[in-house]
Amino acid sequence: YNIEHFVIPEHYEGDVSNVLIPHGLILDRIEKLARQILSQYTDRLVVCCVLKGGHQFFADLVGFLKKYTTKEGKHLPIALDFIRVKSYENDTSSGSVHISMSEKELKALKGRDVLIVEDIIDTGRTMVALLDHLKKYELKSIKVASLFVKRTHLSNGFTPEYVGFSVPDVFIVGYCLDYNDYFRDLDHVCSISPAGQKKYFSVD
Ligand code: 5GP
Ligand code: MG
Ligand code: MG
């Protein structure tokens, strides 16, 4: 989309080069996903947000999950949970991750239907490692909703049950997806311009 046609906060003017997915389109897609999810659950659902990137998707998704009803015509009881997952960049073999949830919180998931809400699947390593870690807690069911899945040859083949959009193999920001913690406050999903990459580049 032509960037001139969209409202970009002045502090990011010149830092993004292209609007890939406008905010309104994202919301429409999430509304549809929520209705699809509601058609497949009947019991209390634990919706688990993967922070920080998944926060905006989670917030809007939960909003739509509360608005519509299940196939039985009832509103779905929802519990909210939050998890921070850090992938170890240097571990290329196993894709091990550090998970912020305590043992007590993880044990509380036993026998529950859990929906993991993630921003984007790239190689799939983070999600596979997270699901692997959750295995031993005997959840009733576990599914993954990811707003974006990247089309990359580096994919390990992991496919979430619910996908918002398939995106090209470029680094995207906005709608809570960040570049060194910048651009989370941009509503549209965009690619970064060379000027933006330079401006927010971090050396650590
Ligand atoms: P994976 O383990 O699937 O390779 O990477 C998953 C994580 O990397 C995502 O949850 C996200 O935090 C980050 N990531 C991957 N691709 C992108 C991208 O294009 N933009 C942003 N902002 N983060 C990304
Ligand atoms: Mg993420
Ligand atoms: Mg990030």
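## A walk through the model, starting at ligand 1

Let's begin at the ligand: 17 residues surround ligand 1, and Asp122, Thr123, Arg125, Thr126 and Leu177 come nearest. Here a residue is near a molecule or strand if its C-beta atom, placed from the backbone, lies within 6 Å of it. Three elements each give two or more residues to this shell: β5 (113–121), α4 (125–134) and β8 (172–173). Helices (H or I, at least four residues) and strands (E, at least two) are DSSP runs, numbered from the N terminus. The largest share of the shell, 4 residues, comes from β5. Sorted by class, the shell has 6 nonpolar, 5 polar and 6 charged residues. In that count, Ala, Val, Leu, Ile, Met, Phe, Trp, Tyr, Cys and Pro are nonpolar, Asp, Glu, Lys and Arg are charged, and the others, Gly among them, are polar.

A quick word on what you're looking at: this is a predicted model, in which local features need pLDDT of at least 70 and side-chain atom pairs count only at pLDDT 80 or more, while totals for chains, interfaces and linings use all residues. Residues are numbered from 1 along each chain as its sequence is written, and chains are lettered from A and ligands numbered from 1 in the order in which they are written.

Now zoom out. The protein has 5 helices and 9 strands, and from the N terminus on they run β-α-β-α-β-β-α-β-α-β-β-β-β-α. The radius of gyration is 18 Å, close to the 17 Å that the globule rule gives for 204 residues, so the protein is as compact as a globular protein of that length. (That radius is taken over C-alpha atoms, and the rule is 2.2 Å times the number of residues to the power 0.38.) Along the principal axes, the C-alpha atoms fill a box of roughly 50 × 40 × 30 Å. Among contacts between residues at least 6 apart in sequence, 68% join residues at least 24 apart; a contact needs C-beta atoms, placed from the backbone, within 7 Å.

What about the strand β8, which we met at the ligand? β8 belongs to an open sheet of 3 strands, with the order β1-β9-β8 and antiparallel pairing. Two strands pair if DSSP finds at least two bridges between them. β1 (16–21) and β8 are the edge strands, each pairing on one side only. On one side, 4 bridges join β1 to β9 (residues 189–192): Val19 stands opposite Cys190, and Val16 stands opposite Ile192. β8 and β9 pair over 2 bridges, with Ile172 opposite Ser191.

Finally, a few backbone oddities. Most residues other than glycine have a negative phi, and most peptide bonds are trans. Yet the peptide bond from Leu51 to Lys52 is cis, with omega near -5°, and Lys52 sits in the loop between β2 (45–51) and α2 (55–67). Glu138 has a positive phi, near 55°, and lies in the loop between α4 and β6 (141–150). Cys176 also has a positive phi, near 85°, and is found in the loop between β8 and β9.

Which of these is buried, and which exposed? Cys176 is buried, because 23 other C-beta atoms lie within 10 Å, whereas Glu138 counts as exposed with 11 C-beta neighbours inside 10 Å. The cut-offs are 20 or more other C-beta atoms within 10 Å for buried, 12 or fewer for exposed, and partly exposed in between, with C-beta atoms placed from the backbone. Buried residues make up 31% of the 204 residues.

Definitions and conventions: Contact = placed C-beta atoms within 7 Å.
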